[in-house]
Amino acid sequence: MSLYGVMRTGGSGMTAQSNKLSTVADNIANVNTSGYKRASTEFSSLVLRSGTGNYNSGSVETHVRYAISDPGTLNYTTSATDLAIQGNGFFAVSDARGTPYLTRAGSFVPDGEGNLVNAAGYYLMGYSLANGAPNVVANGLTGMEVVNIGQTALEGNPSTAAVASANLDANAAITAGPPAYTSKTSLITYDNIGNKVTLDIYAYKTAANTWSMEIYNNADSTAGGFPYSSAALASDVFTFDVSATGKGRLDAASPTSLALTIPGGSPFTLDLSAMTQVADDFQFKATGDGNSPSSIDKVEVDTDGTLYAVYDDGTRIATYRIPLATVPSPDNLVPEAGNVYSVGIDSGNVQVDFAGRSGLGTIKSEALEASNVDLAAELTSMIESQRGYTANSKVFQTGADLLDVLVNLKR
C-alpha cells in the first residue's frame, strides 16, 4: 500500500463530497424557482489493480443526475399566462437569437411588444392560427413563432355566416304578406370595417305548411319596420313535412338557407336547416361570426394549448396553439442557464405534438409548477456530505502523518 495512494484516495473522497455539497447548494438556492428540477450526485468506485500482499487504494467518481421527469406541485396564480404542464412534456422556448430550448418554467408575461417571455428571458413558441389549423413538425422545433398577445388589438371581422335554431308556429293564421307578417326577429351582423348591420327577418305563413321569409336592412326602415326604402336583401319559400316521419321538419324539396350580401360587407349565409314548424310559439336563436373593432381585454389558454384573445365586446378568437415537446429520455437532457434544457445525444431526438396527444400532458392556465426540491432531504444530504468530507480529511491527514513518520526515520 502506498501512503501517497492513501492521500490521493482521501483527496478523491473530499472532492466527491464537495461535488455532492455543490448540488445540494444549487438545490437549496432554487427551492423556490418555478420549474426547477433537482440535481443529485451519485458515487461510483474506481478500483486499481492490486498485487499479492499489496493493496492499491483507488478513488471515487461522481456523476450528476437531474430529476427532470419528476414533476413538482402546482402553485395557483391569477395570471392567465402563467402556465403549468400536468403530465409529460416541455414548453418550447427560444432566446433572443432564436435558439430553441425546452423548459417547464411557465411564468410568462407580455413584454413591451406583446411577446410572452418568462423570468429568464426566454420566449414562448407556438403555432399561429391566423391561416387556419397549423402544420405540426413532429420531430423538430421549426415552424413555430413567438406567441404574441398584442398584435390583434382593434381588429374587426365581417360576418359571413350564421346558424339559426328556429320554430314557426304551426297554428299561426295565414297572412296576405307584407306589410302584414306572422313573426319577426332581428340579427346583428358586421360589415367589412366592423360597423353593426341589423338585419330584420320576417316570416309569413302563406299557406298550410308553407312560409315565406324575407330579410331587410334595418337601416332602410322608416320606423323600425315597414315600409323599407330598399327591397329585401333575400327571400325564399320554405315548406315543411308534417307527416309521421317528418314531424314538422323542413321538407326534402325545401331550401335550407338564405344567402345575401351584407350592405358594406361580405356575402353572408343564414343556415336554417334546423328550422321546424310545430305547435309551439315562434322561436329564433342564432349564432354567427364577425365582430366590431375592439381591443383585447384578456387572454385565455385552454387545456389543449389553444390561446384565445378575448375582446372588450366579449368576442373570443383563437390566435395561437401552444405545442408541447418531449424526448425519449428527459432525465438526460442537457441543463442550460435560465432553467432550460437542450437536446443531447443521450436524451434522444425531440418529439412535438399538442397537449393531450401522443402521451403528452395537458396545459393548466393560472398555475406554475413548483421546484421538485425537498428541503428536508437536501439538508440531510448536506449533513451527510459534511460528515463524509470530514472523515475523508481524517484519512488524508493520517496518511500525511504516517508519511511524516517515514521521512523522520533517517534521523
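Visitor: Why is aspartate 353 called buried?

Guide: In this predicted model, whose residues are numbered from 1 along each chain as its sequence is written, local features need pLDDT of at least 70 and side-chain atom pairs pLDDT 80 or more, while totals for chains, interfaces and linings use all residues. Side-chain values use heavy atoms, with hydrogens and water left out. Aspartate 353 has 13% relative accessibility, and buried means under 20% relative accessible area, exposed over 50% and partly exposed in between (1.4 Å probe, protein chains only), so aspartate 353 counts as buried. Arginine 357, at 41%, is partly exposed.

Visitor: What makes the contact between arginine 357 and aspartate 353 a salt bridge?

Guide: The side chains of these two residues meet at 2.8 Å, N to O, and the term requires a side-chain nitrogen of Lys or Arg within 4 Å of a carboxyl oxygen of Asp or Glu, so the pair qualifies. By this rule the count comes to nine salt bridges. Bridges that share partners also join Lys37, Arg104 and Glu369 into one network.

Visitor: How do you know that arginine 321 and aspartate 304 form a salt bridge?

Guide: Their closest N and O atoms are 3.8 Å apart, which satisfies the distance limit and therefore makes the pair a salt bridge. Arginine 321 lies in strand S25 (residues 316-321), whereas aspartate 304 belongs to the loop between strand S23 (296-301) and strand S24 (306-311), so that parts of the chain 17 residues apart are linked. At 17% relative accessibility arginine 321 counts as buried, while aspartate 304, at 24%, is partly exposed. The charged end of arginine 321 also sits over the ring of phenylalanine 354, 4.0 Å from its centre; the rule here asks for NZ of Lys or CZ of Arg within 6 Å of the ring centre and within 35 degrees of the ring normal.

Visitor: What links helix H1 to helix H2?

Guide: Glutamate 384 forms a salt bridge with lysine 20, with the closest N and O atoms 3.3 Å apart. Glutamate 384 lies in helix H2 and lysine 20 in helix H1, 364 residues apart; helices (H or I, at least four residues) and strands (E, at least two) are DSSP runs, numbered from the N terminus. Lysine 20 is buried at 16% relative accessibility, whereas glutamate 384 is partly exposed at 45%.

Visitor: What makes the pair of tyrosine 181 and tyrosine 202 edge-to-face?

Guide: Their rings lie 5.0 Å apart, centre to centre, with 65° between the planes. Rings of Phe, Tyr and Trp (its six-membered ring) pair if their centres lie within 6.5 Å, and planes under 30 degrees apart count as stacked, over 60 as edge-to-face and the rest as tilted, so this pair is edge-to-face. Tyrosine 181 is in the loop between strand S12 (161-169) and strand S13 (183-190) and tyrosine 202 in strand S14 (residues 196-207), so the pair ties together parts 21 residues apart in sequence. Tyrosine 181 is partly exposed at 38%, but tyrosine 202 is buried at 1%.

Visitor: Why is the pair of tyrosine 202 and phenylalanine 226 called tilted?

Guide: The ring centres of tyrosine 202 and phenylalanine 226 are 4.7 Å apart and the planes stand at 40°, so the pair is tilted. Phenylalanine 226 lies in the loop between strand S15 (210-217) and strand S16 (234-241), 24 residues from tyrosine 202, and is partly exposed at 25% relative accessibility. Both residues belong to one aromatic cluster with Tyr181, Tyr204, Tyr216 and Tyr228.

Visitor: What joins phenylalanine 226 to proline 227?

Guide: A cis peptide bond joins them, with omega about 0°, and proline 227 lies in the loop between S15 and S16. The bond from proline 178 to proline 179 is also cis, with omega near 0°. Most peptide bonds are trans.

Visitor: How do you know that the protein is more spread out than a compact globule?

Guide: Its radius of gyration, taken over C-alpha atoms, is 36 Å. The globule rule, 2.2 Å times the number of residues to the power 0.38, gives 22 Å for 411 residues, and the computed value is well over that, so the protein is more spread out than a compact globule. The C-alpha trace spans about 135 × 50 × 35 Å along its principal axes, and the secondary structure comes to two helices and 31 strands.
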